[in-house]
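Please work through the exercises below with the structure open beside you. Each task sentence is followed by a solution that goes step by step.

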Amino acid sequence: MCLGIPGEIVEIPPGQTDLARVDVSGVRRVVNIGLLDGQPLRPGDWVLIHVGFALSKIDEAEARAALEFLEGIGQAYEDELAALRDSSIER
Amino acid sequence: MCLGIPGEIVEIPPGQTDLARVDVSGVRRVVNIGLLDGQPLRPGDWVLIHVGFALSKIDEAEARAALEFLEGIGQAYEDELAALRDSSIER
Amino acid sequence: MAHGAGGKATQTLIEAVFLDAFRNPLLEPLEDGAVFAAGGTRLAFTTDSYVVSPLFFPGGDIGDLAVNGTVNDLAVCGARPLYLSAGFVLEEGFPVEDLRRISASMARAAAAAEVSIVTGDTKVVQRGKADGCYVTTAGVGLLERDAPLGVAHARPGDAVLVSGPIGEHGVTIMLARGELDIEADVTSDTAPLNGLVTALLAAVGGKVRCLRDATRGGVATILNEIARASGVAVVVEEDAVPVRPAVRGACELLGIDPLYVACEGRMVVVVAGDGDGDGDGDGDGDAEGGVADAALAALRSHPLGEGAAIVGRVQDDPPGLVLLKTAFGGTRIVDVLVGDPLPRIC
Amino acid sequence: MAHGAGGKATQTLIEAVFLDAFRNPLLEPLEDGAVFAAGGTRLAFTTDSYVVSPLFFPGGDIGDLAVNGTVNDLAVCGARPLYLSAGFVLEEGFPVEDLRRISASMARAAAAAEVSIVTGDTKVVQRGKADGCYVTTAGVGLLERDAPLGVAHARPGDAVLVSGPIGEHGVTIMLARGELDIEADVTSDTAPLNGLVTALLAAVGGKVRCLRDATRGGVATILNEIARASGVAVVVEEDAVPVRPAVRGACELLGIDPLYVACEGRMVVVVAGDGDGDGDGDGDGDAEGGVADAALAALRSHPLGEGAAIVGRVQDDPPGLVLLKTAFGGTRIVDVLVGDPLPRIC
Amino acid sequence: MRFVDEYRDADKARALSARIASLCEPGRTYKFMEVCGGHTHTIYKHGLEDYLPETITLVHGPGCPVCVIPMGRVDDAIHIAEQPDVIMTSFGDMMRVPGGRGSFFDSTAQGADIRMVYSPLDALKIARREPDRRVVFMAIGFETTTPSTAMTVLRAAAEDVRNFSVFCNHVTIIPAIKAILDSPDLRLDGFIGPGHVSTIIGCRPYEFIARDYGRPLVVAGFEPLDILQSVYMLLLQLAEGRSEVENQYARVVPWAGNVKALRAITEVMELRPYFEWRGLGFISHSALRMREKYAAYDAERLFDIPGNRVADPKACQCGEVLKGVLKPWECKVFGTACTPETPIGTCMVSSEGACAAYYNFGRFSRQRVREATR
Amino acid sequence: MRFVDEYRDADKARALSARIASLCEPGRTYKFMEVCGGHTHTIYKHGLEDYLPETITLVHGPGCPVCVIPMGRVDDAIHIAEQPDVIMTSFGDMMRVPGGRGSFFDSTAQGADIRMVYSPLDALKIARREPDRRVVFMAIGFETTTPSTAMTVLRAAAEDVRNFSVFCNHVTIIPAIKAILDSPDLRLDGFIGPGHVSTIIGCRPYEFIARDYGRPLVVAGFEPLDILQSVYMLLLQLAEGRSEVENQYARVVPWAGNVKALRAITEVMELRPYFEWRGLGFISHSALRMREKYAAYDAERLFDIPGNRVADPKACQCGEVLKGVLKPWECKVFGTACTPETPIGTCMVSSEGACAAYYNFGRFSRQRVREATR
Ligand code: SF4
Ligand code: SF4
Ligand SMILES: [Mg+2]
Ligand SMILES: [Mg+2]
Ligand SMILES: [Mg+2]
Ligand SMILES: [Mg+2]
Ligand SMILES: [Mg+2]
Ligand SMILES: [Mg+2]
Ligand SMILES: [Mg+2]
Ligand SMILES: [Mg+2]
Ligand SMILES: [Mg+2]
Ligand SMILES: [Mg+2]
């Protein structure tokens, strides 16, 4: 429905309250961060960008947790595959 | 100073008082004849055209007279040349 | 940068900028095309861009113009035109119907000239740009004769011919724009000249010094190029230059000299003299006769050369100038045109 | 008529109108140029019109683009580019300084590609038309090899390569327009490919089936042309396709697929298999190895091919389609682009 | 972390795929609707269905802002674009969308000045740069996009830019989902919720779906693993007999949404009593218009728009596709009369449209592609 | 009769030439001024001087309307052309005339909308066709052209065309001739009178020349035989000790002129107290402006024109050429810095300008051309 791109804040121009320069794979654009009022933003933070506005700050802890869940599933899958292999050797 | 071209009136569009179609060597254009008010114009008459207006009606009698004068001079010249030739033959 | 109609301004610009940048032995801007050998075969190669407005006019359209123009530039190099390319720049919203008309007319022109359009490209640009349609054609032709042709090859004693009445294309375009409200029975002379060139070369082969199609800048510009490049004088008889009455009439109305008006199916031909110093071998110091007459007969035998005429001769002095012996019996210089011929009132 | 970026709309238009009108055995609109014999010499001939905006952009300008583009179209026909023509349509008031810059850059590009610009033409059009400067180049090249190259020559078992990272030219132009306010260290890839082609042909000579420079419509369009013309399937590994990070980033921001973005110095190469059904002769059913590896090594040995990669293989089924094995492990069709890639928000 | 590639890993996909397969009850088929066209795009672009058992069908929903614009509104926008001195601005997505009288592209070819922008702020910038022209922004989009328009109007008002206005076509997703839930001809087992809309509205507005309709909904991100994980989470809820709203996309979506953005929307816009959705017909309270207070920035008030309803082409089955009743290839004109080149319905225009996504990326039985690429 | 070719006959020219030679007093030199640039053009175009003995010099006068426009007026016209919504219309002749800031052509290259017209009526037609634009007609010319402008203004007023106006630069020939007669550095034996101006003003206005200055004047046509005959008539007057106004061009010029045309001029325009002529400086009562009554059609009133005087380039000797004191080739920059391509003075711009006519058609000693063409 709506193309949203994660970008890393590389600069918050001094004297600007609602603009930030973000980087997407080395590509930079100034975006409006006025919709994120009240959330402290620093270079290094990631935001989701849509039509020139940052819609939300990306929560790295949540992202990591999600990946860990996926890795867990992956690990469990590997274990099962291994178990399956072993069992077939024995059969 | 001012390019003036003789053109022959080929048509006076009905219902028009100040327009005439003129012909210059087979090329036709509608020109304004409003500056020739009071001079009766007919197809076959010649006018002098400048920037889309007819400035004067060409007087064929005068034109012929001028040419006759030139032919007269030409004839006189031929006669003189002939006389000169004759005289030199005699000399 | 002024509007380009083959005048001095454009010419100077091209010479200054492109010659400077591209300078190489083959680039010969005074000729219609380049001539070179590739893999042992001698070829001619040329290009022209067409930006004519209106796109459709009595006697033709931008399509056959673009085909004939490149065919002619090859033909006057002495080459047999073989293959053409076509690059189109189209304005967004350009009617497909018009495109169909243009390409049909290109196809007809190519068939008439016995060439094939073998490669092409199309770009569509924003509305408002490109004035509908621009066409750039390039062409490759085969050089089958040895003697070089070119504006630098005219010699005193040569005769100068034109292949037909001049100025019809340029006058047609001026009138077709409609702004002048002038009506005339005049149609563009756009036509492929390769058949005519073949007829001429068959008749007087090695005696032909120079062929040029008289496009932008008209016959006057070509004659000046010849005079300058060959370091000779070209003397033209005003009376001998064929001009149709309607062209003459339109030029009179507009204050324009037909010698500067573009043709798209006429060429200037310079043929060698025959040894008596004036080019005809009859010993009377008069360019008519001999080779010139043979060339004239060859041209007139072809439908596109019916109106051909011997219009002048080449002499050594004054080098670099074109002189006109006026019908009135006077003499004047025929200089290179400065920019477009503009309608004038004074 | 829609804006033309090599998409289906333009392609359909060209095919419908021009093929209809110009139909002849040499006109092969799916190839980059026409190939024919003239006086016993085999030649390639091509043309392209350039209407790029802006005229100057990081890494190049309309001048070297026009030279490289035509050089490349000849090179991918397997021809040695020799001579170029250049037709200019200039907007009245176009700065002579810019013209000088463009022609200097054309001259440099011609020198780098070892070709000469031998003939040209310039037209000046009314202010507001022509967007500054349009350039149409045509080129003639010498065909020195016998085996024909072309999009119809791919066979199951062939390997597919690209000569370097894709999409750099197109992204550079989109960003250079300035409207998107996006900054990126990306420069046009415009370059002459003839040297690279020579290196490739020297290495794997008769094994090359098809070469195409991936210009309008990008690599995806070329692959589709190959699949359709050869009646084969092309299967591409998404992971294997080289894309520089900045190009990827810009494409992500704009919602554009780099496979559809134009290059001006990259080509798609199809090389023959070596008999074991997948093109490398090592019997493992995998396109890497053998001829493909030799081709890759040849490309990588040339400065313009450093980033070359084997990106896919040709198979018989499903004929006419390009399939992408996604990095994610899925599969999808890569269809022909409809019109320009447009920045999108959804 | 780039928050992109990490979620495109094939190994993790294989593992998830195995879990998904093991969660499926033998003999049972599942139908999940991805509400959002962005999900549809991801599914086809990455070939995600290759990881799903044949018993799971993903049904494409109405969440493509371009696809739901009725033809009459396109005609209205073109009418505005044709007025003297107007510069119409639009996202690239709208350029090819057919109205009754053609598209924006057709209109530029007729001489209208219609420019693509990346952001509504770019449209405002054009207005500042060209004060003699009237710059209109063609605003489309769900709640993801609406705050950007609202913020731009507030900025224009603050700077007193008088030659800028908005042709407001913003729509809201909840009424559309409700319309689908109420539709008699469709049976769905759960919803993949629109991740980016949810950054603004949060997750609470979906609770009625779980509570009143007993259907699980997982708010999902847009990378392929996000979607695969969401399918897994839906199946898990079904297996465990739950029907809840869950948030797979917590790295981006706060449960409560974006209050500042919602406030900006409410300041500038208000609900329309009803609005026509292409294919779905009139849905009440499903779209926004400019408030009276911002009348000076409302193109609908500033221009005399015709407002004609244009009936969808007879052959068009977009409504069924948008409701998920038909798969794209089941439409009678799919791939024949209706292609991305010559779209009959809007689902064929945007690459988010189910038909275009399927045509461009799928269009070939899943089975055969799988075999072909081994 | 076409009234053209008949007057280009070489045989008659030879005869006249012989008469002319025989009328010249041995040892005496003659200087006749052709007032009108059209005559200059004819003289060079047909190579007419080949028929005159070396003892007769034709001196080119100020009768080229383009050549006498001062640079400041060109700048004013360009200023008007640059105003929003303006379409400037002009005869082709003006397009290349340099002002202080370039020419009309330069200005179109900068984006101004300047169109060539064949007739002022065509400018009015453009105004009718494009009612949203302000169409200005750059009116130049002597009495030949003035009536056409006046008639066009009357037509515009009758039809109430509100977006049409005239930038009036019409000049009158008599004050210029008088200025030349009063100039101390020039000795003339007679005048070839301007044929086409005389179609309007008739022959009477010249009588003071014959009466007060004792110089014969023959109103002449524009074909080469017309001019040759006029030279013959001048010599005849001198030989017979007469100084009269004679009308060689009676086929076109009525002795009384064109009353209707004069009335139209007087209705629309009035004499300016003074006007600057390029090279000649300010000449009183030498030009026309629009009357108050037609203020609505007067571009000079409607637009705020800068009205700056621009000094002629230092190297420029157009004034001397226009007064007939110098022959074109005697100007220091002729053919070097000043060519039709890069004109320094206006005499080099119009093909009626003495310098351009000489450059294009003559530029090469008469003697050498004669020898060259034998
Ligand atoms: S194929 Fe076309 S008409 Fe049918 S549903 Fe899809 S978009 Fe609509
Ligand atoms: S040469 Fe030039 S500057 Fe000299 S008088 Fe003639 S126009 Fe004027
Ligand atoms: Mg050429
Ligand atoms: Mg040519
Ligand atoms: Mg030529
Ligand atoms: Mg091409
Ligand atoms: Mg002889
Ligand atoms: Mg090409
Ligand atoms: Mg190409
Ligand atoms: Mg040319
Ligand atoms: Mg190519
Ligand atoms: Mg193998």
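The exercises that follow concern a predicted model and take up chain contacts, metal sites and buried residues in turn.

**Exercise 1. Contacts between chains**

Task: Establish which pair of chains has the most contacts, and how far apart the closest C-alpha atoms of chains B and D lie.

Solution. Step one is to rank the pairs: among the nine pairs of chains that touch, chains C and D have the most contacts. Step two turns to chain B and chain D, which no contact joins, their closest C-alpha atoms being 25 Å apart. Step three adds chain A and chain F, which likewise do not touch, and whose nearest C-alpha atoms are 34 Å apart.

**Exercise 2. The interface of chain C and chain D**

Task: Describe the interface of chain C and chain D by its buried area, its polar interactions and the elements of chain C that take part.

Solution. Begin with the extent of the contact, to which chain C gives 72 residues and chain D gives 72 residues. The area buried between chain C and chain D is about 5900 Å², and carbon and sulfur atoms give 69% of this area. Next come the polar interactions: four salt bridges are found across the interface of chain C and chain D, together with twelve residue pairs in polar contact, both residues being at pLDDT 80 or more. One of the salt bridges pairs D:Arg216 with C:Asp121, with an N to O distance of 3.7 Å. That distance can be checked against the cut-off for a salt bridge, within 4 Å. On the chain C side, the elements giving two or more residues are α1 (8-22), β1 (34-38), β2, β5 (79-91), α3 (96-113), β6 (116-125) and β7 (133-143). Sorted by class, this side of chain C has 39 nonpolar, 22 polar and eleven charged residues.

**Exercise 3. The interface of chain F and chain C**

Task: Describe the interface of chain F and chain C in the order of extent, salt bridge and contributing elements.

Solution. The extent comes first, with 48 residues of chain F in contact with 38 residues of chain C. About 3500 Å² is buried between these two chains, and carbon and sulfur atoms give 56% of it. The count of salt bridges between chain F and chain C is one, and C:Asp181 forms a salt bridge with F:Lys125 in which the closest N and O atoms are 2.3 Å apart. Polar contacts across this interface, with both residues at pLDDT 80 or more, amount to eight residue pairs. The elements that give two or more residues to the side of chain F touching chain C include α1 (10-23), α5 (120-129) and α10 (224-239) of chain F. By class, the residues on this side of chain F divide into 24 nonpolar, ten polar and 14 charged.

**Exercise 4. Two magnesium sites**

Task: Identify the protein donors of the magnesium ion (ligand 3) and of the magnesium ion (ligand 9), and explain which parts of each chain the donors tie together.

Solution. For the magnesium ion (ligand 3), the protein donors are C:Thr46 (OG1), C:Thr47 (O) and C:Asp73 (OD), which lie 2.5 to 2.6 Å from the ion. In sequence these donor residues are spaced T-T-x25-D. C:Asp73 also bridges this ion and the magnesium ion (ligand 4), the two ions lying 3.9 Å apart. Because C:Thr47 lies in strand β2 (residues 41-50) of chain C and C:Asp73 in helix α2 (residues 62-75) of chain C, the pair ties together parts that are 26 residues apart in sequence. Both C:Thr47 and C:Asp73 are buried.

For the magnesium ion (ligand 9), the protein donors are D:Asp48 (OD) and D:Asp73 (OD), which lie 2.2 Å from the ion. D:Asp48 coordinates both this ion and the magnesium ion (ligand 6), and the two ions are 4.0 Å apart. Since D:Asp48 lies in strand β2 (residues 41-50) of chain D and D:Asp73 in helix α2 (residues 62-75) of chain D, the pair ties together parts 25 residues apart in sequence. Both D:Asp48 and D:Asp73 are buried.

**Exercise 5. A loop residue and a helix of chain E**

Task: Decide whether E:Gln317 counts as buried or exposed, and then list the buried residues of helix α7 of chain E.

Solution. E:Gln317 is found in the loop between α12 (299-302) and α13 (318-323) of chain E. Its relative accessibility is 15%, so E:Gln317 counts as buried, the cut-off being under 20%. A polar atom of the side chain of E:Gln317 lies 3.0 Å from the backbone nitrogen of E:Lys332. Leaving aside residues up to four places away in sequence, E:Gln317 touches E:Leu326, E:Glu330, E:Cys331 and E:Lys332. In helix α7 (residues 173-182) of chain E, seven of the ten residues are buried, namely E:Ile173, E:Ile174, E:Pro175, E:Ala176, E:Ile177, E:Ile180 and E:Leu181.

Technical notes:
Residues are numbered from 1 along each chain as its sequence is written. Chains are lettered from A and ligands numbered from 1 in the order in which they are written. This is a predicted model: local features need pLDDT of at least 70, side-chain atom pairs count only at pLDDT 80 or more; totals for chains, interfaces and linings use all residues. Side-chain values use heavy atoms; hydrogens and water are left out. Contact means heavy atoms within 4.5 Å. Buried area is the accessible area (1.4 Å probe) that two parts lose on being put together, summed over both. A salt bridge is a side-chain nitrogen of Lys or Arg within 4 Å of a carboxyl oxygen of Asp or Glu. A polar contact is a pair of N or O atoms within 3.5 Å; within protein, one must be able to donate a hydrogen and the other to accept it, and residues adjacent in sequence count only if both atoms are side-chain atoms. Helices (H or I, at least four residues) and strands (E, at least two) are DSSP runs, numbered from the N terminus. Ala, Val, Leu, Ile, Met, Phe, Trp, Tyr, Cys and Pro count as nonpolar, Asp, Glu, Lys and Arg as charged, and the others, Gly among them, as polar. Buried means under 20% relative accessible area, exposed over 50%, partly exposed in between (1.4 Å probe, protein chains only). Donors are N, O and S atoms within 2.8 Å of the metal (3.2 Å for Na, K and Ca); water is not among the atoms, so sites may look incomplete.
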